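Please look through the sequence and the model below before reading on. The paragraphs that follow take up the cysteines, then a helix, and then a part of the surface.

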Amino acid sequence: MPRKYPLDKHRNFGIIAHIDAGKTTTTERILYYTGRIYKIGEVHDGTTTMDWMEQERERGITITAAATYAQWGDFHFNIIDTPGHIDFTVEVQRSLRVLDGAVVVLDGSQGVEPQSETVWRQADGYHVPRLVFANKMDKVGADFYMCLDSIHKKLGANSQPIQLPIGFESQFSGVVDLIRMKAYVWDGEELGAKFVETEIPADMREKAQEYHNKLVEALADFNDELAHKFLEGQAVSEAELKKAIRQAVISGQFFPLMCGSSFKNKGVQPLLDAVCEFLPSPLDVPPLVGIEPVSGAEEIRLPKDDESLCALAFKIQTDPHVGKLTFVRVYSGALTSSTAVFNSTRSTRERVGRLLRMHANKREEIDEILAGEIGAVIGLKGVTTGETLCDEKKPIVLEPPKFPEPVISVAIEPKTKADEERMSIALNRLAEEDPTFRIKSDPETNQTIISGMGELHLDIIVDRMKREFNVQANVGKPQVAYRETIRRKVEQEGKYIKQTGGRGQYGHVWIEIEPVEKGKGFEFVDKIKGGRIPKEYIPGVEKGIREALSDGVLAGYPVVDVKVTLFDGSYHDVDSNEMAFKIAGSMAFKDAARKANPVLLEPIMRIDITTPKENMGDVLGDLQRRRGRTENVEDRGPVQFIHGHVPLAEMFGYATTLRSLSQGRASYVMEPSHYEDVPKGVSQELLAKAAS
């Protein structure tokens, strides 16, 4: 089937931001102006298209990334609206993995906020070109130039405005376009309001010229023609400026700043024009590189419909009407309904059922998903997030998105016998959807332990179990996801010998364990020489050590940041097998870890608190009592911004305490930062509890 829109007219982009910056409101306006919806919903009314889950509408927050599509002129958009809350960071990670560009929305009165920094870093990690939109310019305290300054200081990003606001707060009425050097003023705030081209206001001409020159100067660093004209003092045409901006944005070296007020219907149409003009099409991003699964050689796929199929499954969703939906980005070739595909990650064949184009929770059936497009598949049974679908004759494996480890756990048990089986099904379905949600059974207490990114994350999981799967459950108190590590190098022997009448078991290893830098995880090095241990038994040793890592020697927490080197051992011609070496490896690691000065680690959270000046003393005092460290305090008139770090263990119930300390006027956001040694007194308490 021929394409309706050529590939160079496709834009796959996401809306990313800190919580409450106005992502969903902006997306809602985009859908209205592109003709996808005819009645705008509002977050505060619980009527938005993109926040379709009951929990999203009740709480006024985005929980799951919602995909949609739209047309703007002769361009086709695939848009993903992502959550701003750190507990749902998985949705941002997996969306950025498959998008070609992003619009970063800032609250015009706050500038770059903590979660803005997080999503910016995530976008850096996937090399996603970005536009920045300073939203809420009509809000009290809105300051466009403060937003620009915070982008430079907090993100270290090369950003210059391509628009300046005309008026601030309630006086915000339009923008100066620094590319065309014209002003655009809205003739009202209603949806049908036109923006009219006019001359730049007299009191803004000097400032507009100053920022136009700054824009040209910033772009001259990446464009020799522009640099020559800038140095010669020659005028730069609109076409030259647009071409230079597009090149700099696509290369990830420049981030244009725009402004508006999505709620007041101002600035969204120019933002859509900028998406078309400056963000990349699938043809503009570097060709996709993957690995040939057998040889390990690099494979390249070009975004062409006649190439071999290559697609990435980036999200799983359970739909009450059609069952399991697998969201995919097709990078090359075409995915066709009712055909077979190869899952190269698992080396299994899958049958594609129906194909859908998604509009939040609504869907439209289609025959194929072509290169550069995003859609959903019904019928893939064994595919999970991050797996590659391709042509079996030309296999390729793509790098999956990386997801953070959970930091908080709770025990959960069904209320009745009838809930027991339903709970198991519900938890497994939810874990399949969300790679940051984990389930495990505690063999000692016979409880099910669920782990996630925060209290809100686990609240939503339990709520979804109740509503979607009709499971009633009792939930225990939150538990912190502690870790263990070692502090010194140790050599250790591990020997497993078992003689039982017939064939025995024999595994013998020597390992060295040593600490590695924070965040490095686990590293296994094979230094066996001269066949002291046959090659086929070495994976068994590693497997045994990995299993021992999951259950540390101090209090049973997982062991992290350790390097294990296998350097010697012996085997028996008849009695040795992989299982014997697996047990020997596990025994050696546990014995070594006990001698290697093991310590407990706890998750430390980065915290950002906004509080009225008069409550700051109480808030800081309370933070100190929670073993918190204040890094710096920003003074913004009547409001203070406190930035610091605090152990997660001390933060349960903090929202209630902060409300009572400030009469409900203070707020905070928190995100995982790193792990640190648990102080001695706290460590002794935890070990005593684990031993009891």
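A disulfide is a pair of cysteine sulfur atoms within 2.5 Å. By that criterion this model, which is predicted, holds zero disulfides. Cysteine 276 is in no disulfide, and the nearest cysteine sulfur to it, belonging to cysteine 259, lies 19 Å away. Cysteine 310 is likewise in no disulfide, with the sulfur of cysteine 390 as its nearest cysteine sulfur at 6.7 Å, a value to be set against the cut-off of 2.5 Å. As for their surroundings, cysteine 276 counts as buried because its relative accessibility is 7%, and cysteine 310 is buried with a relative accessible area of 0%.

From these cysteines we can turn to a helix. How many of the 10 residues of helix α3 are buried? In this helix, which covers residues 89-98, 10 of the 10 residues are buried, so α3 is largely enclosed by the rest of the structure. The buried residues of α3 include Val90, Val92, Leu96 and Val98, and Glu91, Gln93, Arg94 and Arg97 are also among the buried residues of this helix.

The surface offers another view. Val289, Ile300 and Leu302 together make a nonpolar surface patch of about 230 Å². One of these residues, valine 289, is found in strand β11, which runs over residues 288-291. Is valine 289 buried or exposed, or does it fall between the two? With a relative accessibility of 43%, valine 289 counts as partly exposed, because that class lies between the limit for buried, under 20%, and the limit for exposed, over 50%.

Terms used: Residues numbered from 1 in each chain as written. Predicted model: local features only at pLDDT ≥ 70, side-chain atom pairs only at ≥ 80, totals over all residues. Heavy atoms only, no water. Buried < 20%, exposed > 50% of the residue type's maximum accessible area, 1.4 Å probe, protein only. Helix = DSSP H or I, 4+ residues; strand = E, 2+ residues; numbered from the N terminus. Patch = residues over 30% accessible without salt bridge, like charges linked within 9 Å, V, L, I, M, F, W, Y side chains within 5 Å. Areas by Shrake-Rupley, 256 points an atom, 1.4 Å probe, with all protein chains shown as cover. Salt bridge = Lys/Arg side-chain N within 4 Å of Asp/Glu carboxyl O.
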